[in-house]
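Visitor: I would like to hear how the labels on this model are earned. Please take me through the reasoning behind them.

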Amino acid sequence: MLIIGPPGSGKGTQAERISQLLGVVPISTGDIFRANVKGATPLGLEAKKYIDAGDFVPDRVTNNMVREQLTEYDVENGFLLDGYPRTSGQVDYLDNILADLDRKLDVVLQLAADDQELIRRLLGRAKDMGRSDDNEAVIRHRLGLYHEQTEAVVARYEARNILAVVDGTGGVDEVTRRLVAAVSDVMAATIPVS
Ligand code: B4P
């Protein structure tokens with residue numbers, strides 16, 4: 001499964017809950033980058049300048065990292081990618097990784113919320129957690145990149161009939177319930193009628 005949405009839509013919050021509820025391995029590219037920045041690893045040093053500016057880390061770096069994660073972890077019972085793919089090139093690359101692993105995507109969850117709500121949430125988080133990419137100019141840039149590049153990713157999965165668009169507004173528990181219901185609806189629709 002994938003969870004896709006603009007910055008602040010609640011991907012990180014919900015990915016943790018959904019992966020626990022469904023017993024699948026969570027893989028968040030944003031979290032992996034931040035852990036590497038914190039540990040000052042070569043990957044972290046390279047990623048930091050992009051993250052701080054609100055830009056995407058280049059595909060060659062991100063793609064290799066995801067391949068390593070999907071190969072290293074036991075994803076036999078499923079995985080939930082959070083924040084990847086974000087570009088059309090990453091969709092192609094993920095298709096290749098999954099073909100090599102003889103796996104396929106069942107469900108793509110898109111979390112929706114409007115830009116005003118997203119900016120409000122992220123400015124709130126800036127106060128609480130002080131993340132280096134949560135200031136207004138960088139937040140607007142990240143939202144712009146989502147509209148320019150990641151919406152095309154969503155459209156590609158919609159064309160494959162595995163997309164579920166879920167309202168990301170309201171309480172956290174309420175959104176979790178909607179996501180679980182959406183997963184089961186998409187899965188039920190794949191059962192052949194005999
Ligand atoms: P991410 O960590 O994925 O950051 P993000 O898109 O801003 O989403 P985030 O996880 O922070 O927010 P969430 O929706 O959970 O990426 C960070 C950076 O890493 C990127 O900008 C990029 O540079 C790099 N990167 C990552 N993946 C990449 C890729 N594939 N390719 C290239 N570069 C990549 O929102 C959480 C906030 O909303 C929290 O404050 C939470 O408390 C609040 N919230 C959640 N649910 C709520 C609700 N129902 N009501 C109110 N508030 C809620």
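Guide: Start with a bridge: Leu-2 has Leu-81 in S3 as its bridge partner. The model is predicted.

Visitor: What makes strand S1 and strand S3 a pair?

Guide: The bridge count. Two strands pair if DSSP finds at least two bridges between them. S1 (residues 2-4) and S3 (residues 79-82) share two bridges, in the parallel sense. They therefore pass the cut-off.

Visitor: What is the order of the strands in the open sheet?

Guide: The order is S2-S3-S1-S4-S5, five strands with parallel pairing.

Visitor: Why are S2 and S5 said to stand at the edges?

Guide: Strand S2 (25-28) and strand S5 (163-167) each have a single partner strand, so one side of each lacks a neighbour in the sheet. From one strand to the next, the twist averages 20°.

Visitor: Which helix packs on the sheet, and which strands does it touch?

Guide: Helix H7 (residues 136-159) touches S1, strand S4 (108-112) and S5. Touching here requires heavy atoms within 4.5 Å. The direction of H7 makes about 140° with that of S1.

Visitor: Now the ligand. What makes the approach of Arg-142 a polar contact?

Guide: The cut-off is 3.5 Å between N or O atoms. An N or O atom in the Arg-142 side chain is 2.4 Å from an oxygen atom of the ligand. That is within the limit, so the pair counts. Arg-131 also qualifies: a polar side-chain atom lies 2.9 Å from a ligand oxygen atom. For Gln-90, a polar side-chain atom lies 2.9 Å from a ligand nitrogen atom.

Visitor: How much of the ligand does the protein cover?

Guide: On its own the ligand has 1000 Å² of accessible area, and the protein covers 88% of that.

Visitor: Which helices supply at least two residues each to the shell around the ligand?

Guide: H1 (11-22), H2 (29-38) and H6 (115-129) do. The largest share, four residues, comes from H2.

Visitor: How do the shell residues divide by character?

Guide: Eight are nonpolar, 13 polar and nine charged. Gly counts as polar in this tally.

Visitor: What makes the bond from Tyr-84 to Pro-85 cis?

Guide: Its omega is near 0°. Pro-85 sits in the loop between S3 and helix H5 (88-101).

Visitor: What is noted about phi of Asp-102?

Guide: Phi is near 60°, a positive value in a residue other than glycine. Asp-102 is in the loop between H5 and S4.

How values were computed:
Residues are numbered from 1 along each chain as its sequence is written. This is a predicted model: local features need pLDDT of at least 70, side-chain atom pairs count only at pLDDT 80 or more; totals for chains, interfaces and linings use all residues. Side-chain values use heavy atoms; hydrogens and water are left out. A polar contact is a pair of N or O atoms within 3.5 Å; within protein, one must be able to donate a hydrogen and the other to accept it, and residues adjacent in sequence count only if both atoms are side-chain atoms. Accessible areas come from the Shrake-Rupley method with a 1.4 Å probe; for residues, only the protein chains shown count as cover. Axes are lines fitted to C-alpha atoms, for helices over the stretch in contact, and angles run from 0 to 180 degrees between N-to-C directions.
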